[in-house]
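User: I'd like a close look at one part of this model, the helix packing and the core around it. Here's what I'm working from.

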Amino acid sequence: MVVDKIIAFWNNTIASPELAIMVGVSLAAFTVMYYYLIKFLINNNSGTLVLMFLAIMVIAAAIFIFNDGVDNGFFLLLPLLMVIAVIILYSVEIKRVIWSKRNIKGSDAKRGEGYYDEEKSRKCITEIVKAVQDMSKNNVGAIIVLANGNIPKQILDSGVAIESDISSELVESIFFPKTPLHDGAMVIDGTKIVAAGCFLPLAQKIDGLPKDLGTRHRAGLGITETIDVVSLIVSEETGIISIARAGKLIRYADAEILKKTLSNYYWQ
């Protein structure tokens, strides 16, 4: 029965050039779509969802083959429903991918400036770690965004342009309580502090966040939901250092974790 169906389909296809072209284009389109869909899910640690989708496709194929009453459109509707489901479930991650693609050219162009200068990079790492730890000890709240030339202009324009070399003294003075820029975020791009006092979008996924985390943590986390950056956050209430990346928060970061995060940033 299955073999007969395949043979009949093949004969119909080769008998009609228009149908052969349509089938070829459809197969190529679905192959590309499924490849990127599965790759996206794997990159977002959703292996279980990939297996579930593959199981659904196998079951749908079996129904289509063994049930003559099933409309051909059913097999075309299923992938569309799967894509819609992924868009709904992973809207934040998709935004981040789109932003990173839009800004990748500018990011690559800026990497020549100091990103691979070992001495400069090590000095920046030392200065940032010192500043973050000092602020943690003194319960000074801070958000530092480690960018790759990919921060939207409207976010940079919401703050004050700095364009200065990185030093622990400058970082700490900007976040010193009651100074004009202390409530906003600092943006570091390579070996420069490019802006401070910037307003960031707040995190949309707050269900898993501890209740004691306020606006500063939601802002530091929110920017990482849509843009491929890392945020270093110091709590004003507790002095706890947190690191946000890809919409996820790591709390209680010590000097070693900070150094590893910054090393990955400068030599990624």
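Before we dig in, in which elements of the protein chain is confidence lowest and highest? After that, take me through what H6 packs against.

Analyst: Sure. This is a predicted model, and in the protein chain confidence bottoms out in helix H5 (residues 91-110), with a mean of 55, and peaks in S5, at 97. Over the protein chain the mean pLDDT is 81, with 75% of residues at 70 or more. One stretch to watch is residues 104-115, where pLDDT stays under 50 and the model has 19 contacts beyond four places in sequence. Where pLDDT is low, the predicted coordinates should not be read in detail.

Now to H6 itself. Helix H6 spans residues 118-137 and packs on helix H10 (residues 255-266) at an angle of about 145°, the axes being 10 Å apart. That crossing is right-handed. On the H6 side, the contact uses Ser121, Cys124, Ile125, Ile128, Val129, Val132 and Gln133, and H10 answers with Ala255, Leu258, Lys259, Leu262, Ser263 and Tyr266. Sorted by class, the H6 and H10 contact has nine nonpolar residues, three polar and one charged.

H6 also meets H8, with axes that come within 8 Å and cross at roughly 35°. This crossing is right-handed too. Here H6 brings Glu127, Lys130, Ala131, Asp134 and Met135, while H8 brings Ser168, Glu169, Val171, Glu172 and Phe175. The class split for H6 with H8 is four nonpolar, one polar and five charged.

Next, the core. The largest nonpolar core holds 29 residues, and Ile144, Ile188, Leu232 and Tyr266 have the most contacts inside it. Elements that each put in at least two residues include H6, H8 and H10, along with strands such as S1 (142-147), S3 (185-189) and S5 (230-234). H6 is the top contributor to this core, with seven residues. There's also a second, separate core of 15 residues, with Val145, Val194, Ala219 and Ile227 among them.

Leu232 is a good residue to zoom in on. Leaving out residues up to four places away in sequence, Leu232 touches Ile128, Val132, Ala142, Ile143, Ile144, Leu146, Ser242, Ile243, Leu258, Thr261 and Leu262. Two of those names, Ile128 and Val132, come from the H6 side of the contact with H10, and Leu258 and Leu262 come from the H10 side.

Ser242 on that list of Leu232 contacts sits in strand S6. Serine 242 counts as buried because its relative accessible area is 0%, under the 20% cut-off. With the same sequence neighbours left out, Ser242 touches His217, Ser231, Leu232, Ile233, Leu249, Ile250 and Arg251. Ser242 and glycine 220 are 22 residues apart in sequence, and their C-alpha atoms are 9.3 Å apart in space.

Finally, two backbone oddities to check if you're setting up torsions. Lysine 178 has a positive phi, near 75°, without being a glycine. Lys178 lies in the loop between H8 and S3, and is exposed, at 80% relative accessible area. Tyrosine 252 also has a positive phi, about 60°, and is not a glycine either. Tyr252 is in the loop between strand S7 (248-250) and H10, and counts as exposed at 59% relative accessibility.

Note on methods. Residues are numbered from 1 along each chain as its sequence is written. This is a predicted model: local features need pLDDT of at least 70, side-chain atom pairs count only at pLDDT 80 or more; totals for chains, interfaces and linings use all residues. Side-chain values use heavy atoms; hydrogens and water are left out. Axes are lines fitted to C-alpha atoms, for helices over the stretch in contact, and angles run from 0 to 180 degrees between N-to-C directions. Helices (H or I, at least four residues) and strands (E, at least two) are DSSP runs, numbered from the N terminus. A crossing is left-handed if the near helix is turned anticlockwise from the far one by less than a right angle, and right-handed if clockwise. Contact means heavy atoms within 4.5 Å. Ala, Val, Leu, Ile, Met, Phe, Trp, Tyr, Cys and Pro count as nonpolar, Asp, Glu, Lys and Arg as charged, and the others, Gly among them, as polar. A nonpolar core is a set of buried Ala, Val, Leu, Ile, Met, Phe, Trp, Tyr and Cys residues joined through side-chain atoms within 4.5 Å. Buried means under 20% relative accessible area, exposed over 50%, partly exposed in between (1.4 Å probe, protein chains only). pLDDT is the predictor's confidence in each residue, from 0 to 100.
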